[in-house]
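Trainee: I'd like to learn how to read charged pairs and nonpolar cores in a model. Can we go through them together?
Mentor: Sure, let's bring it up.

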Amino acid sequence: MTLTTHILGYPRIGAKRELKFAEESYWKGEITQAEFLAKAQALEASNWQAQIDAGLSLVTVGDFVFYDSILTHAVRLGVIPARFKEAEKLNQVDQQFYLARGRAPHCTDVAALEMTKWFDTNYHYLVPELNSAQQFKADFSDLLAQVDRAKALNQPLKVVLPGLVSFLYLSRIVDANTAEAEKHACECGNDHADISADQANLKFVDALLPIYAALFDELKARGVEYVQVDEPALVLDLAPEWQAAFEQVYHLLQRHDCLKLIVASYFETLGANLNLAVNLPVAGLHIDITREKVGEFFWKKVIDQLPTHKILSLGLINGRSVWASDLVALNDIVQTAQKSLGERLWLATGCSLLHVPVDLRSETIPAEVDGKLAFARQKLEELVALANGHIYANEKLSKAVDAPFDLVAQSRQAPFEIRFKAQQEKLKLPLIPTTTIGSFPQTAEIRAARAAWNNGNLTNDAYEAAMKKEIAYAIQQQEELGLDVLVHGEAERTDMVEYFAGLLDGFWLSKFGWVQSYGSRCVRPPIIVGDITRPNAMTVKWIEYANTLSDKIVKGMLTGPVTILNWSFPPAHRTRREVCLQLAEAIRQEVSDLQDAGVEIIQIDEAAFREGLPLRKADQAEYWDWAVKSFKHCSSSARVDTQIHTHMCYSDFKDCLPQITAMDADVITIETSRSGLQLLDVFHEQGYPNAVGPGVYDIHSPRTPTSDNMRTVIDGALKTIPAERLWVNPDCGLKTRGWAETKIALATLVKMAKEVRKELQAA
């Protein structure tokens, strides 16, 4: 008996990042919208063809979106905040880009939507903003057009869309009832003047139910049989109100016709929501078994409790790993499940494949990983092989667990109060010092030089000279702008993780292993293939050169161990704790060398510090233990008067301030412009003792911030942070921006900081 196979989603960027380049060309006005859509639909068609060629039973339709699926769904529902009032003259394509970027053709620039991490991944989504009197204006014409295009393939289809409950769970309610709230929202760069309690989002269930029902009727009329309704919130620790919402929604949406709903969960087991999920009145349930702990066998509990008429889609192929599957072991699971379920067993990927690169066939594979890897295209083949019983033992897959690695994690030599006093005496920085996060624009000239160097058309000496020229320009611009603490600009770095992975032993860097992070931003996560060691200094020569160009302090820029781990593909048979501690030791050695080279401030970025946090509270303590220890170890070689900075962005940090405090960085620069000033309130309420640099403008939007926007953030920060512990900086690095807009924004930043400094000194 051949089992039904399907996937939850496929990478939409294209094997060579075709969607990225098409989007960016469209934003620049180099191609028309019709030309952009033609390129996008060609990629969409190639994704469908890949599923057909692999032999999947169902072709997944609706997963192809331009930015992210939650943003697309919000626009389809008419969830467009009031500040985007000019969006009404745009079609849905431009509306999505307007909300995501704060810019659209013939529209006034406004603050973009808040962006945050998608559960515990490095993928981001735009947070929908609902107002307290939200009216929904549904328009699913683009989704229905996708279905019509897919029907021309004459293949069985399955449509995917965000579930009603998870959409509300991931949204924010914005209280814009007062003029003061609206004023604060605009000044802070978002509408989150007063975010209501999560349960308040449930007030919109009744309004959305008929919209979903009408969409299901439209899909049925087009001959669609299966709809995958993504409800990832089912794997979280849900309050009773949210559990009750799932029961209410699906009892009211239950279909008595031929349309079959498959509720999909992923990234974790169902946990305490097991009984709720299996008893939802739907045709089937999808579960992700790839995140189960060794020996847990939670999937057996699901089978035992699943009603006998329901489909169970078993997510066997890991959609977040680049390692090949052990088909023999997975076949044992399939055989066991099939005995209970028969034809009601479907086989699938654990989650969407958008979290892995597209195709391994373009790579030159090194011997140590030959036969051990599988990108999205290869995972389709694994899935079909399982369903067809074409099982083969992959002798290249390692079954042995590497010898455990451990070290005694160390901490700084003195408490913050003593360090901070010594640093102030040594550094002699002004009140409210200004700095940037690290990177400056990666210009066309930088990219061209790097490409020529990589292709062997530029010598090492010529490449180094080109990068030094860019560093010199970055230093010159910062001095002219009047920034207090400079950076070298990171011209020599492709990516904040990939750069270090290329200089550490134990990593392999693919050539085309691109993965979408957000919008058109793609990253190429390194693959950890062995023990991690640091053969040589990685950053010292560049910082030493930058220091010769200025009398001002130039920060040393490093990426922290937790971020390198979370933004890489981890090894198959090592614990994350062991790998992170190895990384911490490598970074500790780099800190020592920078310090010995005369670098007085060293920033260790931990942008992904929270990202790898387990989704359930019961599992989080162990993660925090080794994550904090790893950071403290890598900064432990810093002397008392060496100032250690860290940086975090685009995650919800409100629930982990004790762990951020325990990291004991002298200064933390942190994103606040898209998420408002609520985080600073938490810093104040919980008594954060060290120095803080709140981001005063959003670098992920092309919108040039106003001085009033920045002043609002600075004034708000001063209400919660003592002036002597306050820094001023952008939200994040500036590599994706252009020099013209960068200089305008930073000039405003410096001007505002100097104004506030003068006022404080005069008071």
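Trainee: Is Arg377 buried or exposed?
Mentor: Keep in mind that this is a predicted model. Buried means under 20% relative accessible area. Arg377 has 11%, so it counts as buried.

Trainee: Which residue does Arg377 meet in a salt bridge?
Mentor: Here's the general idea: side chains of opposite charge can pair when their charged atoms come close. In this case the partner is Glu381, at 3.5 Å from N to O. The two are about one helical turn apart, because they sit four residues from each other in helix 13. Glu381 is partly exposed, with 41% relative accessibility.

Trainee: What does the salt bridge between Arg574 and Asp531 tie together?
Mentor: Arg574 lies in the loop between helix 19 and helix 20, and Asp531 in strand 17, so the pair ties together parts that are 43 residues apart in sequence. Their closest N and O atoms are 3.4 Å apart. Arg574 is buried at 9% relative accessibility, while Asp531 is partly exposed at 49%.

Trainee: How many salt bridges does a search of the whole structure find?
Mentor: It finds 39. One of them joins Glu129 and Arg83, with 3.0 Å between the closest N and O atoms. Both of these residues are buried.

Trainee: And the cores: which residues touch the most other members in the largest one?
Mentor: Phe216 and Leu314, out of 120 residues in that core. Helix 8 gives the most to this core, with eight residues. Leaving aside neighbours within four places in sequence, the contacts of Phe216 include Leu161, Val227 and Leu261.

Note on methods:
Residues are numbered from 1 along each chain as its sequence is written. This is a predicted model: local features need pLDDT of at least 70, side-chain atom pairs count only at pLDDT 80 or more; totals for chains, interfaces and linings use all residues. Side-chain values use heavy atoms; hydrogens and water are left out. A nonpolar core is a set of buried Ala, Val, Leu, Ile, Met, Phe, Trp, Tyr and Cys residues joined through side-chain atoms within 4.5 Å. Buried means under 20% relative accessible area, exposed over 50%, partly exposed in between (1.4 Å probe, protein chains only). Contact means heavy atoms within 4.5 Å. A salt bridge is a side-chain nitrogen of Lys or Arg within 4 Å of a carboxyl oxygen of Asp or Glu.
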